[in-house]
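Student: Could you take a close look at one part of this structure with me? I would like to start from a single residue and work outwards, in one connected account.

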Amino acid sequence: MLKLYTAQVCPFAHRCRLALTFAHLEHERVEIDLADMPDWYRHISPNQKVPLLEHNGHRIWESAIINEYLNEAFPDRNLLPQDPLLRVKFRLAVDWAGNHIIPTFYQVLRNEQADAAERMHKAIADMPQWLSLEGPFWLGDQPSLADAAIYPWFERWVALEHYRNFQAEWPARVQTWLEAMRNHPQVQQEAGDPKRYVSGYARYATPAKV
Ligand SMILES: N[C@@H](CCC(=O)N[C@@H](CS)C(=O)NCC(=O)O)C(=O)O
(Lines give C-alpha, C1' and ligand atoms only; values in the text may rest on other atoms or scores of the structure.)
Protein backbone atom coordinates (compact mmCIF):
# COMPACT_ATOMS: atom_id res chain seq x y z
CA MET A 1 0.00 0.00 0.00
CA LEU A 2 1.33 3.42 -1.00
CA LYS A 3 0.34 6.61 0.82
CA LEU A 4 1.59 10.09 -0.09
CA TYR A 5 1.42 12.99 2.36
CA THR A 6 1.30 16.06 0.18
CA ALA A 7 0.24 19.71 -0.07
CA GLN A 8 -1.26 21.16 -3.22
CA VAL A 9 0.87 24.32 -3.15
CA CYS A 10 4.19 22.46 -2.66
CA PRO A 11 6.29 21.92 -5.81
CA PHE A 12 8.37 19.22 -4.11
CA ALA A 13 5.22 17.22 -3.32
CA HIS A 14 4.05 17.90 -6.89
CA ARG A 15 7.15 16.03 -8.11
CA CYS A 16 5.95 12.88 -6.35
CA ARG A 17 2.30 13.30 -7.37
CA LEU A 18 3.46 13.45 -11.00
CA ALA A 19 5.70 10.39 -10.59
CA LEU A 20 2.89 8.33 -9.02
CA THR A 21 0.51 9.40 -11.77
CA PHE A 22 3.00 8.81 -14.61
CA ALA A 23 3.61 5.34 -13.16
CA HIS A 24 -0.14 4.60 -12.80
CA LEU A 25 0.47 3.55 -9.22
CA GLU A 26 -2.61 3.18 -7.08
CA HIS A 27 -2.14 5.09 -3.84
CA GLU A 28 -3.82 7.08 -1.10
CA ARG A 29 -3.18 10.81 -0.60
CA VAL A 30 -3.31 12.86 2.54
CA GLU A 31 -3.37 16.65 2.15
CA ILE A 32 -1.37 18.43 4.87
CA ASP A 33 -2.20 22.02 5.78
CA LEU A 34 1.22 23.71 5.75
CA ALA A 35 -0.17 26.86 7.36
CA ASP A 36 -1.18 24.77 10.38
CA MET A 37 0.79 21.52 10.25
CA PRO A 38 -0.99 18.97 12.46
CA ASP A 39 0.94 17.58 15.45
CA TRP A 40 0.31 14.00 14.37
CA TYR A 41 2.07 14.79 11.06
CA ARG A 42 5.01 16.42 12.84
CA HIS A 43 5.40 13.14 14.75
CA ILE A 44 5.56 10.97 11.66
CA SER A 45 7.51 13.29 9.35
CA PRO A 46 11.28 13.03 9.96
CA ASN A 47 12.00 16.40 8.27
CA GLN A 48 8.73 18.16 9.21
CA LYS A 49 7.99 18.68 5.54
CA VAL A 50 5.91 17.31 2.72
CA PRO A 51 6.21 15.13 0.73
CA LEU A 52 6.41 11.90 2.70
CA LEU A 53 5.72 8.45 1.25
CA GLU A 54 4.63 5.38 3.18
CA HIS A 55 5.03 2.02 1.52
CA ASN A 56 4.23 -1.21 3.32
CA GLY A 57 5.00 0.38 6.68
CA HIS A 58 8.23 2.09 5.56
CA ARG A 59 8.63 5.86 5.44
CA ILE A 60 10.55 7.61 2.67
CA TRP A 61 11.04 11.37 2.51
CA GLU A 62 12.75 13.98 0.30
CA SER A 63 11.04 14.33 -3.08
CA ALA A 64 14.02 13.26 -5.23
CA ILE A 65 14.64 10.21 -3.03
CA ILE A 66 10.94 9.27 -3.06
CA ASN A 67 10.91 9.39 -6.87
CA GLU A 68 14.13 7.39 -7.12
CA TYR A 69 12.56 4.83 -4.77
CA LEU A 70 9.40 4.61 -6.91
CA ASN A 71 11.55 4.03 -9.98
CA GLU A 72 13.50 1.25 -8.27
CA ALA A 73 10.57 -0.37 -6.47
CA PHE A 74 8.42 -0.40 -9.63
CA PRO A 75 10.96 -0.84 -12.46
CA ASP A 76 8.31 -1.96 -14.95
CA ARG A 77 6.64 1.48 -14.84
CA ASN A 78 9.28 3.11 -17.05
CA LEU A 79 9.72 6.28 -15.01
CA LEU A 80 13.20 6.56 -16.54
CA PRO A 81 14.55 5.26 -19.86
CA GLN A 82 16.90 2.25 -19.68
CA ASP A 83 19.66 3.99 -21.65
CA PRO A 84 22.39 4.90 -19.11
CA LEU A 85 23.24 8.07 -21.04
CA LEU A 86 19.65 9.27 -20.85
CA ARG A 87 19.78 8.56 -17.11
CA VAL A 88 22.90 10.72 -16.94
CA LYS A 89 20.98 13.45 -18.81
CA PHE A 90 18.21 13.14 -16.20
CA ARG A 91 20.63 13.49 -13.27
CA LEU A 92 22.52 16.39 -14.84
CA ALA A 93 19.26 18.21 -15.64
CA VAL A 94 17.93 17.80 -12.11
CA ASP A 95 21.26 18.93 -10.68
CA TRP A 96 21.27 21.97 -12.98
CA ALA A 97 17.65 22.89 -12.13
CA GLY A 98 18.45 22.43 -8.43
CA ASN A 99 21.34 24.87 -8.69
CA HIS A 100 19.84 27.42 -11.05
CA ILE A 101 16.07 27.36 -11.65
CA ILE A 102 14.78 26.33 -8.21
CA PRO A 103 16.78 28.62 -5.88
CA THR A 104 16.51 31.50 -8.34
CA PHE A 105 12.72 31.05 -8.47
CA TYR A 106 12.51 31.85 -4.75
CA GLN A 107 15.06 34.68 -4.99
CA VAL A 108 13.01 36.35 -7.72
CA LEU A 109 9.79 35.76 -5.76
CA ARG A 110 11.21 37.25 -2.57
CA ASN A 111 12.86 40.05 -4.54
CA GLU A 112 15.85 39.57 -2.26
CA GLN A 113 18.79 39.66 -4.67
CA ALA A 114 19.21 42.44 -7.19
CA ASP A 115 20.61 40.15 -9.89
CA ALA A 116 18.16 37.25 -9.42
CA ALA A 117 15.92 38.17 -12.38
CA GLU A 118 18.95 38.51 -14.63
CA ARG A 119 20.25 35.10 -13.49
CA MET A 120 16.83 33.58 -14.16
CA HIS A 121 16.78 34.98 -17.70
CA LYS A 122 20.23 33.43 -18.24
CA ALA A 123 19.11 30.05 -16.85
CA ILE A 124 16.10 30.06 -19.21
CA ALA A 125 18.30 30.93 -22.17
CA ASP A 126 20.65 28.04 -21.21
CA MET A 127 17.82 25.58 -20.70
CA PRO A 128 17.60 24.02 -24.20
CA GLN A 129 21.03 22.40 -23.83
CA TRP A 130 19.70 20.35 -20.89
CA LEU A 131 16.64 19.05 -22.75
CA SER A 132 16.68 16.22 -25.32
CA LEU A 133 16.92 17.49 -28.88
CA GLU A 134 13.97 15.42 -30.11
CA GLY A 135 11.48 16.12 -27.32
CA PRO A 136 8.86 17.08 -26.81
CA PHE A 137 9.33 15.92 -23.19
CA TRP A 138 12.56 16.35 -21.26
CA LEU A 139 14.17 13.05 -22.27
CA GLY A 140 12.16 12.20 -25.37
CA ASP A 141 8.65 11.27 -26.45
CA GLN A 142 7.36 10.23 -23.02
CA PRO A 143 7.23 12.12 -19.73
CA SER A 144 9.71 10.82 -17.15
CA LEU A 145 11.13 11.65 -13.73
CA ALA A 146 13.04 14.52 -15.37
CA ASP A 147 9.76 16.26 -16.22
CA ALA A 148 8.34 15.39 -12.80
CA ALA A 149 11.39 16.88 -11.05
CA ILE A 150 11.49 20.20 -12.90
CA TYR A 151 8.02 21.09 -14.20
CA PRO A 152 6.37 21.97 -10.84
CA TRP A 153 8.22 25.34 -10.72
CA PHE A 154 7.12 26.17 -14.25
CA GLU A 155 3.49 25.52 -13.34
CA ARG A 156 3.97 28.05 -10.51
CA TRP A 157 5.52 30.67 -12.81
CA VAL A 158 2.27 32.61 -12.48
CA ALA A 159 3.47 33.68 -9.01
CA LEU A 160 6.59 35.31 -10.51
CA GLU A 161 4.44 37.05 -13.10
CA HIS A 162 1.92 38.21 -10.51
CA TYR A 163 4.29 39.44 -7.79
CA ARG A 164 7.32 40.49 -9.85
CA ASN A 165 5.96 40.98 -13.36
CA PHE A 166 8.67 38.54 -14.45
CA GLN A 167 8.14 37.86 -18.16
CA ALA A 168 10.19 34.95 -19.45
CA GLU A 169 11.30 34.70 -23.06
CA TRP A 170 11.05 30.97 -23.60
CA PRO A 171 13.43 29.52 -26.21
CA ALA A 172 11.57 27.44 -28.84
CA ARG A 173 12.61 24.08 -27.32
CA VAL A 174 11.43 25.19 -23.87
CA GLN A 175 8.13 26.43 -25.32
CA THR A 176 7.63 23.00 -26.96
CA TRP A 177 8.31 21.30 -23.63
CA LEU A 178 5.93 23.56 -21.72
CA GLU A 179 3.14 23.00 -24.23
CA ALA A 180 3.68 19.22 -24.24
CA MET A 181 3.50 19.22 -20.45
CA ARG A 182 0.45 21.50 -20.19
CA ASN A 183 -1.44 19.39 -22.75
CA HIS A 184 -0.55 16.02 -21.25
CA PRO A 185 -3.62 14.45 -19.59
CA GLN A 186 -1.70 13.20 -16.55
CA VAL A 187 -0.05 16.57 -16.02
CA GLN A 188 -3.48 18.20 -16.30
CA GLN A 189 -4.83 15.70 -13.78
CA GLU A 190 -2.23 16.96 -11.28
CA ALA A 191 -2.44 20.64 -12.20
CA GLY A 192 -3.16 23.20 -9.50
CA ASP A 193 -5.30 26.30 -9.65
CA PRO A 194 -3.13 29.32 -10.67
CA LYS A 195 -5.08 31.54 -8.23
CA ARG A 196 -4.15 29.21 -5.40
CA TYR A 197 -0.48 29.38 -6.35
CA VAL A 198 -0.63 33.16 -6.23
CA SER A 199 -2.36 33.22 -2.85
CA GLY A 200 -0.22 30.34 -1.53
CA TYR A 201 2.99 32.26 -2.27
CA ALA A 202 1.83 35.53 -0.72
CA ARG A 203 3.79 34.84 2.46
CA TYR A 204 7.02 34.40 0.47
CA ALA A 205 6.44 37.38 -1.80
CA THR A 206 5.26 39.84 0.81
CA PRO A 207 7.05 39.06 4.08
CA ALA A 208 5.41 40.45 7.21
CA LYS A 209 6.89 43.73 8.40
CA VAL A 210 8.77 43.55 11.71
N1 LIG B 1 14.01 18.99 0.17
C2 LIG B 1 12.62 18.73 0.44
C3 LIG B 1 11.87 20.05 0.44
C4 LIG B 1 10.40 19.88 0.82
C5 LIG B 1 9.81 21.21 1.28
O6 LIG B 1 10.51 22.24 1.38
N7 LIG B 1 8.51 21.20 1.59
C8 LIG B 1 7.89 22.39 2.14
C9 LIG B 1 6.66 22.81 1.36
S10 LIG B 1 7.02 23.18 -0.31
C11 LIG B 1 7.41 22.09 3.56
O12 LIG B 1 6.83 21.06 3.81
N13 LIG B 1 7.66 23.02 4.48
C14 LIG B 1 7.26 22.89 5.85
C15 LIG B 1 6.42 24.02 6.31
O16 LIG B 1 5.98 24.84 5.50
O17 LIG B 1 6.18 24.05 7.52
C18 LIG B 1 12.07 17.77 -0.61
O19 LIG B 1 12.60 17.79 -1.74
O20 LIG B 1 11.17 16.98 -0.31
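**From one side chain to the sheet**

Tutor: Let's start with L70, which counts as buried because its relative accessibility is 0%. Please keep in mind that this is a predicted model. L70 is found in helix α3, a helix made up of residues 63–73. Which residues does L70 touch? Leaving aside neighbours within four places in sequence, L70 is in contact with L2, A19, L20, L25, L53 and L79. You can also follow its backbone: the C-alpha atom of L70 is separated by 8.6 Å from that of A23, although the two residues are 47 apart along the chain.

Those contacts are a handy way into the surroundings. L2 belongs to strand β1, which covers residues 2–6, and L53 belongs to strand β3, which covers residues 52–55. A19 and L20 lie in helix α1, residues 11–22. Helix α3 itself lies across β1, β3 and β4, and its direction runs at about 125° to β4.

Now for the sheet. It is open, has four strands in the order β2-β1-β3-β4, and its pairing is mixed. Why is one side of β2 and of β4 left without a neighbour in the sheet? Both strands, with β4 spanning 58–61, stand at the edges and have a single partner strand each, so one side of each has no neighbouring strand. From one strand to the next, the twist averages 20°.

Let's walk along β1, taking its two partners in turn. With β2 (residues 28–31), β1 runs parallel, and four bridges join the two. Within that pairing, K3 stands opposite E28, and Y5 stands opposite V30. With β3, the pairing is antiparallel, again over four bridges. There, L4 has L53 as its bridge partner, and L53 is also one of the residues that L70 contacts. As a general point, side chains in a regular strand alternate between the two faces of the sheet.

How enclosed is β1? Four of its five residues are buried, so this strand is largely enclosed by the rest of the structure.

Helix α1 completes the picture. Together with β1 and β2, α1 makes a right-handed β-α-β unit. This helix packs on the sheet, touching β1 and β2, and its direction makes about 150° with that of β1.

Finally, follow α3 back to its start, where you meet the ligand. S63, where α3 begins, has a polar side-chain atom 2.6 Å from an oxygen atom of the ligand. E62 has a polar side-chain atom 2.7 Å from a ligand nitrogen atom. A backbone N or O atom of V50 lies 2.9 Å from an oxygen atom of the ligand. Other residues that surround the ligand include C10, F12, L34, M37, Q48, K49, P51 and R203. F12 is a residue of α1, and α1 is also where you find A19 and L20, two of the contacts of L70 that we began with.

How values were computed: Residues numbered from 1 in each chain as written. Predicted model: local features only at pLDDT ≥ 70, side-chain atom pairs only at ≥ 80, totals over all residues. Heavy atoms only, no water. Pairing = 2+ DSSP bridges. Right-handed = clockwise from strand over helix to strand, strands pointing away. Axes fitted to C-alpha atoms, helices over the stretch in contact; angles between N-to-C directions. Contact = heavy atoms within 4.5 Å. Buried < 20%, exposed > 50% of the residue type's maximum accessible area, 1.4 Å probe, protein only. Near = heavy atom within 4 Å. Polar contact = N/O pair within 3.5 Å; in protein donor to acceptor, adjacent residues only side chain to side chain.
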